[in-house]
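Trainee: I've got a new structure open and I'm a bit lost. Can we go through it together?

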Amino acid sequence: MTRLRPLLLLCLWAAALPVLAAPAQDDAVRRTTLDNGLQVIVVPNRLAPTVTTMMNYDVGSRDAPAGFPGMAHAQEHMMFRGTDDLSAAQISAIAAAMGGRFNADTQDEVTRYYFTVPAQYLEVALRLHAERMRSVANDQSAWEKERGAIEQEVARDLSSPDYVAYTRLREQLFAGTPYAHDALGTKASFDKTTGKMLKAFHERWYTPNNATLIVSGDVDAKQTLATVGRLFGDIEPHELPKTAPVALSPVDAEPIRMATDAGYGLAYLAFRAPGTHSADEYAAANVLATILNNPRSALYSRLVATGKSLGTQFALDGLREAGIAYAAAAFPKGADSDALVAQMRDVLGDIADKGASAEQVEAAKRQLTTRNAAARDSIEGLAEQWSQAVAIDGLASPDAQLAAIRRVDAKAVNRLAQRMLDPDQSVLTVLTPEGSGAPAAGDGFGGGESFAPSHAADVDLPDWAAKPLASIDTPTPRVTPQQSTLDNGLRLIVVPTDATHAVHVYGHIRNEPYLQAPKGKEGIDGVLSSLLDYGTRKHDRVAYQAELDAIGAQASAGSDFSLTVLPEHFDRGLALLAENELAPALPKEAFKVVQAQTAGAVAGQLTSPDFHAGQALKRALLPNDDPTLRHATPATVNGLSLADVTDYYDKTFRPDLATLVVVGDVDTAQVRKAVEKNFGAWKAKGPTPDVDLPAVSANKAATVHVPDSARVQDTVQVAETLGLQPTDEDYRALELGNQVLTGGFYASRLYRELRAERGLVYYIHSGLQADRTRARLAFEYGSQPDKVAEANRLIADALADMAKAPVSAAELHRAQAGLVRQVPLGEASAGAIGMGLLSRVENGLPLDAPYRAARAYQSLDAEAIQAAFKRWIRPDALVHVIQGPAPAS
């Protein structure tokens, strides 16, 4: 299960606003409130044959009983452990077989559960929601198992200095109120929690008159409302407890200073902001945050563009009755953080005293309008924005949020800035980077008991799930990419669809810095990437951003480049993107700033545990002379000249290795005309470079421990190289086997064994990673140090078991269903469509590769999976990299 990380999210509420538009009659939003109080909203979208169901319960961390700050979070976990009529195994088997995404998150004021699945399984997803509203098992034995997993989650978050700092910051901003803690909880509170307490919590809050159900996607709205009425209508409501009030006191302004294991430092100045229930004031706060995040802002211009900071951000974390606004600035290891903080205070003080201009306010509103249109171009995004507006913010619809944005003027923004950016009511947090010890190699873990994994039970499903999930239908594409090649070699792929509200452009130039950066000039690609932010030969940095702001466009240049723009501004937006990509200024004065910033960032990175862990994994998997072992150092970066960077740009930015994807309600011929006009004169210089890394041989077993003093939990990577390609039949068989191992949460072997049954890990992810020349199988999990050895043994045993015997018929069907039914989700957002197409081009795959894979999955049997694991997987050759405390051996 996931929870939102407010410190890492930038203006989430604003990013979720829609554009006001009159929908077609058959796609009208429909809503009702059942007699039992359940509010239901259906938002049709025809982008892909998928649907998202999002159930929002009006209960969160602020409603936890005194002394039990994680109660709502614990109940969220237990919703996956079974009901009176469904076992945990059945819930997981149904969710896995639907093939979509399913998860939950606990926030301050809402707990949210969602499924994103192929549209034909809408009723199955709704039945799961209904079953869990009716009852939850919450027996003591199940809680004791889940408690191990949730305490692993606590340990994971406490291993993040950013998270620990955020919790301390909240405690000071909101002392004595329900907002003083987030949803995570503590080990001490979970040790006191019982299954009986959780069941009472569910009975108290999980009632239809305390819930809002959002359904978005390719659905018939009227029919969906009828189905919801049939499934939920007989669930009895009851009176709800009162919500604890939020009574704010003066802020404790004591600074927070901590160490971080990152390669750079962070300084935060946090302030109380308006709550989301103050719609107009919160809209003004979003406009202010957008102004301060703009590259034209004083925050960026005075700190980043002058080299005083590695990067800045102004973010807003909205809660109902009060929010958190904070300015953040990154600095290199060894920098004077106090001086940086003083400069941040000066910038924010100027904004509070002098205010923003009317032009800045209108530019921010245009940017928010485009961002909001783009957010609608995702089926999950639609459910998210409606959930935010209705279930959290208490508004009639997301249109009310946008209406509030449109009402904002400069007076409102400046009034708010003067009140909110009060230095006496702020909390300073400084995270100073510290290095870690050197990695310690070992031969592996020995001794101890070895446990063979027990297979996931082949559970019987209720008829309402078994019948619709029995047959696996081969998916067919909803969108039709139309591709052509310009005379200069640029590959153009256009995906016309009338289900989007913005036009999305995604570009990629095939490149490989490990091969193309001259020896001794490592880091040149990073310097070039940052230097592209400094304008074009026609417009300097500020003027170029002003041109984007004039049309509300969001654009970025580089070997990966992109544009998001409203349809009416597509031609101008594309011209600006091409101007930055093909004619960057690369100014000398900016080069010196970027060079110093990059060298400082690299110096800190080289001492960070993350860097040591990444290098340790590569050294264990790859030969000593592998080009990917090259890395930047302060010396290589400081040795660069502007001529070096310009030469690297000329050799690597070339149309014959570039692909441009355009997704939106566009005409293909007109798009090609616009692309030819703006990118047609782009010419390649010199011979075509080799951008494919050499193939590698099989690795040997190794274990490396990377000390990380900031962590209380270990992050473990387990991997081995494979000698096959994504086009091989065995590759598809291995993907099916991997789905058996970790796909579908509790329905998978390793999730059941490592989390559900033994409580060894909070999460375990695995997957095949492949490009044109290399492939590997990789696992990652988080675990307490004394549980790492057992978890590693169980993973190795599970891999060996896959080669010893065929998977069961139920496991095979579940794996095939899961992977085949995931395919439509690759078209459920404009971003998924565009990035998916670019990925296939990069890896030399056909554009319809997912659909070909779906047919391959259906043609494979259990013996093929067994044979592939026997042929390619070497459990005795796994590489283990453990980052964190020293594991018990």
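Trainee: Let's start with α30: how many of its residues are buried?

Mentor: Keep in mind that this is a predicted model. A residue counts as buried when its relative accessible area is under 20%. Helix α30 covers residues 809–822, which is 14 residues. Among those that pass the cut-off are Glu811, Leu812, Arg814 and Arg821. The helix is mostly covered, and the count of buried residues is ten.

Trainee: Which residues does Met98 touch, leaving out those up to four places away in sequence?

Mentor: Met98 belongs to the largest nonpolar core, where it is listed with Leu38 and Phe232 as having the most contacts. Its partners include Phe115, Val117, Pro118 and Tyr121, then Val124, Ala125 and Leu128. The list is completed by Leu469 and Arg821.

Trainee: Which helix gives the largest share of that core?

Mentor: The core has 115 residues in total. The largest share is nine residues, and they come from α29.

Trainee: Now the second largest pocket: which element supplies the largest share of its lining?

Mentor: This pocket has a volume of about 720 Å³. Its lining has 30 residues, and Asn293, Asn294, Pro295, Gln545 and Ala555 are the closest to the centre. Elements that each supply at least two lining residues include α10, α13 and β16. The largest share is five residues, from α20.

Trainee: How many residues of that lining are charged?

Mentor: Sort the lining by residue type: 14 are nonpolar and twelve are polar. The charged group has four.

Technical notes:
Residues are numbered from 1 along each chain as its sequence is written. This is a predicted model: local features need pLDDT of at least 70, side-chain atom pairs count only at pLDDT 80 or more; totals for chains, interfaces and linings use all residues. Side-chain values use heavy atoms; hydrogens and water are left out. Helices (H or I, at least four residues) and strands (E, at least two) are DSSP runs, numbered from the N terminus. The expected span of a helix is 1.5 Å times one less than its number of residues. Buried means under 20% relative accessible area, exposed over 50%, partly exposed in between (1.4 Å probe, protein chains only). On a 1 Å grid over the protein atoms alone, a cavity is a set of points where a 1.4 Å probe fits but cannot get out, and a pocket is an open set with protein on both sides within 12 Å along at least five of seven lines; lining residues have an atom within 4 Å of a point. Grid points are joined across faces, edges and corners, and a volume is the space filled by probe spheres set on the points. Ala, Val, Leu, Ile, Met, Phe, Trp, Tyr, Cys and Pro count as nonpolar, Asp, Glu, Lys and Arg as charged, and the others, Gly among them, as polar. A nonpolar core is a set of buried Ala, Val, Leu, Ile, Met, Phe, Trp, Tyr and Cys residues joined through side-chain atoms within 4.5 Å. Contact means heavy atoms within 4.5 Å.
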